[in-house]
Amino acid sequence: MTSKIRKPNGATPEEFELSVAEEILRLENSSADLKAPLKDLYITAAKEVDCGASNTRAIILYVPYKLLPSFHNIQQRLVRELEKKFSGRQVLIIAQRTILGKSFARSQKTQGLRPRSRTLTAVQDAILEDIVYPTEIEGKRIRHKVDGSKLLKVYLNSKDQPNVETRIGTYASVYQKLTNKNVAFYFH
């Protein structure tokens, strides 16, 4: 059961995380088309998030960054099966990424600046890409309002509109919970 969840530094998983890992293991054993792709995959964490006004809940699965492409290959089937098991909840898969602060000091062995992929902005953009996957982001605009607040407008590919339209509220609330940024989704 715990083979499908590996916490960093050997921490013990919570009960909810164990139940999600158990469902993934059950899917691997019962589904013939998911057995081979799921064999070497595991999650690092799972979190349930309340999505505000719509009274829906979302399950966020954190996966290791190196395993993200493998999860993308089976994401639609895996998400569909997990949403059946956890009825009324939407499942999102996000890579576990590291943010390094501006004052990041490298060790003596490695010299150089902090990688662009570890900056706050790059990680937040990557989280947004992970949330809306498999839909492509066509464009982004930041609207600065008179009261000083900002709204990130994200334009998604219109070919996926029928599949994604019901999930937009979940996407916005999950992104707001993870990054503390307001976002609105549109189709372009």
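How are α4 and α6 oriented to each other, roughly parallel or roughly antiparallel? The close-up views below come from a predicted model, and the opening view takes up that question.

**View A. Helix α4 packs against helix α6.** The helices span residues 120–132 (α4) and 168–179 (α6). Their packing angle is about 155°. An angle over 145° counts as roughly antiparallel, and α4 and α6 are therefore roughly antiparallel to each other. The two axes lie 10 Å apart. The crossing of α4 past α6 is right-handed.

**View B. Side by side, α4 and α6 share a contact.** From α4 come Q124, I127, L128, I131 and V132. From α6 come Y171, V174, Y175, L178 and T179. Eight of the contact residues are nonpolar and two are polar. None is charged.

**View C. Three strands make an open, mixed sheet.** The strand order is β4-β5-β6. Strands β4 (137–144) and β6 (183–187) are the edges. Each has a single partner strand, so one side of each lacks a neighbour in the sheet. From one strand to the next, the twist averages 20°. Strand β5 (residues 150–156) runs parallel to β6, and five bridges join them. Within this part of the sheet, L156 stands opposite F187 of β6.

**View D. Helices α4 and α6 both pack on the sheet.** Helix α4 touches β4, β5 and β6. The direction of α4 makes about 130° with that of β4. Helix α6 touches β5 and β6. The direction of α6 makes about 150° with that of β6.

**View E. Y171 and F185 form an aromatic pair.** The structure holds three such pairs. In this one, the ring centres are 6.0 Å apart. The planes meet at 70°, an edge-to-face arrangement. Y171 belongs to helix α6 and F185 to strand β6, so the pair ties together parts 14 residues apart in sequence. Y171 is also one of the α6 residues that meet α4.

**View F. A cis peptide bond joins Y133 to P134.** Omega is near 10° for this bond. P134 sits in the loop between α4 and β4.

**View G. N180 has a positive phi.** The value is about 65°, although N180 is not a glycine. N180 lies in the loop between α6 and β6.

Note on methods
Residues are numbered from 1 along each chain as its sequence is written. This is a predicted model: local features need pLDDT of at least 70, side-chain atom pairs count only at pLDDT 80 or more; totals for chains, interfaces and linings use all residues. Side-chain values use heavy atoms; hydrogens and water are left out. Axes are lines fitted to C-alpha atoms, for helices over the stretch in contact, and angles run from 0 to 180 degrees between N-to-C directions. Helices (H or I, at least four residues) and strands (E, at least two) are DSSP runs, numbered from the N terminus. Angles under 35 degrees count as roughly parallel, over 145 as roughly antiparallel, 65 to 115 as roughly perpendicular and the rest as oblique. A crossing is left-handed if the near helix is turned anticlockwise from the far one by less than a right angle, and right-handed if clockwise. Contact means heavy atoms within 4.5 Å. Ala, Val, Leu, Ile, Met, Phe, Trp, Tyr, Cys and Pro count as nonpolar, Asp, Glu, Lys and Arg as charged, and the others, Gly among them, as polar. Two strands pair if DSSP finds at least two bridges between them. Rings of Phe, Tyr and Trp (its six-membered ring) pair if their centres lie within 6.5 Å; planes under 30 degrees apart count as stacked, over 60 as edge-to-face and the rest as tilted.
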